[in-house]
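User: I'm new to this and would like to learn how to read the empty spaces in a protein model. Could you walk me through one?
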Amino acid sequence: MKNLRTQLFIDNQWVDSVAGDCFETVDPSNETVIAKVSRARSEDVDLAAKAASRAMQGPWPRLPPVERGTILFKLADLIDGNSRNLAKLETIDVGKPLSDSLGDIAGVSDTIRYNAGAADKLEGATIPIGPDHFDFSVMEPIGVTGHIMPWNYPLGMAARSVAPALAAGCSVILKPAEQSPLSTLAFAELCEEAGFPSGVVNVVPGFGNEAGAALTSHPLVRGISFTGSVATGRAVYQSAAVGLKKVVLELGGKNPMIVFPDADLDQAASDAVVGAYANSGQVCSASSLLFVHEDIREDFLVRFTDMSKKLTIGGGMDDRDLGPLASSEQYDRVRSFLDGASDQGVRVLFGGDRPSHMDRGYFIEPTLIECSDLGQPIARQEVFGPVAVVIAFAEQETVVEMINDLDYGLVAGIYTRDISRALRLVSEIDAGTIWINGWYIGGAQVPTGGNKASGIGRERGLPGIANYLELKNVGIRI
Ligand code: ADP
């Protein structure tokens, strides 16, 4: 891997944007500019879409699938070989602690390997319709796909949508978030080295209303994968609907963890701390809403508070437990939630401010707020910062009602030693993922996605590859 890449990557070439201008990306630990990156607009996305479309006429979708897998396996090896550099880029661009970034990058190569191994297993079926006919289906790549990514796990999210698209034989146009383009550009360089044919992987950093909107409306783009906020997800869905594109949306969450009196409280509290504060809470599946039974409220809170108070905060490269928020906009957003909360009469049990010893960088301390129910907006809305809400409950039925009343339906966690109770709750709770006695359970093999405002479709696992395949049926009279 050579120097920092800051140009667009289109048709296996590094190019400036047509307009020739750039945007700045900032280190959130110290608020300094790291680099100026070429700013893709609609004319650049058009060039990328044409290159990606030519790639679909070329060798890529016609390669023996095992050869597509081989190139993906090579990419995974290159990622492992460059993991420190990729992790550093992630850390300076997003602020996350270096060890967390290294973990993310290990997840990227896992994801690519999972999909590489699946590339030659995407089978159709033979369908019996009687002795006079032979009917079968084949799975074909949908074509050019656009991938619009968030800033909280730049390469992690990119891998989980781009790797299955490539395994399926699609070509891709990847737009990283404007806050965090650097690791995705380094990824493009490794794709070049791995040997993808021209136009198969294209990277167009830029802003949402420019490069992003150009992707969702481009007639050559057949599928869109989007991860980000609900409001933007709606705009993406509307724009993609005009072109009748296939769409996967991974949106937000306000994820309840229910802790019953018979739970292992040490485990529940430590999972709740990691779930709420890892990546400074900028995780769609964060454990941001803790429903704790009133009989164990005190015991749980003592544990949760002790563990939270031990968390250290610092710049990403200092590798403490928590880094800063990823951008000044996100810092302002979280601050406005916290300022609004104090007007709503909630109890701030700890935190709520920037750490007193840090005057630069977008830092906020781990925060716990107690609410009585979902009446206060902070209890219902996704904060996307190190802010957890706790609500004590008496009746299981009331908790289920409150959870199903949330706009979101991404993840719910159940902590109890009574597995029958947990399994009954699985069918009662409206969410795409349920975790029992553990948080952040999963991996490249496990499908993930949300119900209600949390999204449409699933990523990862085999359903994640199906997003990029279309079934063609063939009927023969014999
Ligand atoms: P946030 O508000 O936290 O920055 P967004 O959901 O707006 O999150 O952004 C996620 C991704 O969506 C980013 O890559 C951003 O550039 C992109 N984006 C923003 N607006 C649009 C849009 N109108 N069309 C397509 N992509 C967009």
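Analyst: Sure! Keep in mind that this is a predicted model. Let's start with the lining of the second largest pocket, whose residues divide into 16 nonpolar, 13 polar and six charged.

User: Okay, and which residues lie nearest the centre of that second largest pocket?

Analyst: The general idea first: rolling a probe the size of a water molecule over the atoms shows where empty space is left. Here, the second largest pocket has a volume of about 710 Å³. Its lining counts 35 residues, and the ones nearest the centre are Trp151, Phe226, Gly228, Ser229 and Thr232.

User: Which helices and strands each supply at least two residues of that lining?

Analyst: Look for α7, β9, α8 and α11 (328-343); each of them supplies at least two residues of the lining of the second largest pocket.

User: Where does the ligand sit?

Analyst: In the second largest pocket, the one we've just been looking at. There are 18 residues surrounding the ligand, and the closest are Met149, Lys175, Glu178, Ser229 and Thr232. Ser229 and Thr232 are worth finding on screen, since you've also met them among the residues nearest the centre of the pocket.

User: How do I read the shell around the ligand by class and by element?

Analyst: Take the classes, then the elements. By class, the shell has eight nonpolar, seven polar and three charged residues. By element, α7 (208-217), β9 (221-227) and α8 (230-242) each give at least two residues to the shell. The biggest share comes from α7, with three residues.

User: What about polar contacts? Which atoms of Met149 and Lys175 lie by an oxygen atom of the ligand?

Analyst: For a polar contact, you look for a pair of N or O atoms within 3.5 Å. With Met149, a backbone N or O atom lies 2.7 Å from an oxygen atom of the ligand. With Lys175, a polar side-chain atom is 2.9 Å from an oxygen atom of the ligand. Gly208 joins in through its backbone: a polar atom there is 3.2 Å from a ligand oxygen. As for cover, the ligand taken alone exposes 550 Å², and the protein buries 83% of that.

User: Now the largest pocket. What is its volume, and how many residues line it?

Analyst: Its volume is about 1100 Å³, and 40 residues line it. Asp104, Tyr153, Val283, Tyr440 and Arg460 lie nearest its centre. The elements giving two or more residues to this lining are α4 (98-118), α5 (154-168), α9 (265-277) and β18 (433-436). Of these, α4 gives the most, with seven residues. Sorted by class, the lining has 21 nonpolar, eleven polar and eight charged residues.

User: And how many cavities of 30 Å³ or more does the structure hold?

Analyst: The general point is that a probe inside a cavity cannot get out, whereas a pocket is open. This structure holds two cavities of 30 Å³ or more. The largest cavity has a volume of about 70 Å³. It is lined by 14 residues, with Gly281, Ala286, Ser288, Val383 and Phe384 closest to its centre. That lining splits into seven nonpolar, five polar and two charged residues.

User: What lines the second largest cavity?

Analyst: This one holds about 40 Å³ of space. Its lining residues include Lys254, Pro256, Ile403, Tyr408, Val411 and Asp430. Both β16 (408-409) and β17 (411-415) supply at least two residues of the lining. By class there are nine nonpolar, one polar and two charged residues.

User: One last feature: which residues have a positive phi without being glycine?

Analyst: As a rule, most residues other than glycine have a negative phi. In this model, Asn12 is one to look at, with a phi near 60 degrees. You'll find Asn12 in the loop between β1 (8-10) and β2 (13-15). Another is Ser280, whose phi is positive at about 50 degrees. Ser280 has its place in the loop between α9 and β12 (289-293).

Conventions. Residues are numbered from 1 along each chain as its sequence is written. This is a predicted model: local features need pLDDT of at least 70, side-chain atom pairs count only at pLDDT 80 or more; totals for chains, interfaces and linings use all residues. Side-chain values use heavy atoms; hydrogens and water are left out. A residue is near a molecule or strand if one of its heavy atoms lies within 4 Å of it. A polar contact is a pair of N or O atoms within 3.5 Å; within protein, one must be able to donate a hydrogen and the other to accept it, and residues adjacent in sequence count only if both atoms are side-chain atoms. Accessible areas come from the Shrake-Rupley method with a 1.4 Å probe; for residues, only the protein chains shown count as cover. On a 1 Å grid over the protein atoms alone, a cavity is a set of points where a 1.4 Å probe fits but cannot get out, and a pocket is an open set with protein on both sides within 12 Å along at least five of seven lines; lining residues have an atom within 4 Å of a point. A molecule sits in a cavity or pocket if more than half of its atoms lie within 2 Å of its grid points. Helices (H or I, at least four residues) and strands (E, at least two) are DSSP runs, numbered from the N terminus. Ala, Val, Leu, Ile, Met, Phe, Trp, Tyr, Cys and Pro count as nonpolar, Asp, Glu, Lys and Arg as charged, and the others, Gly among them, as polar. Grid points are joined across faces, edges and corners, and a volume is the space filled by probe spheres set on the points.
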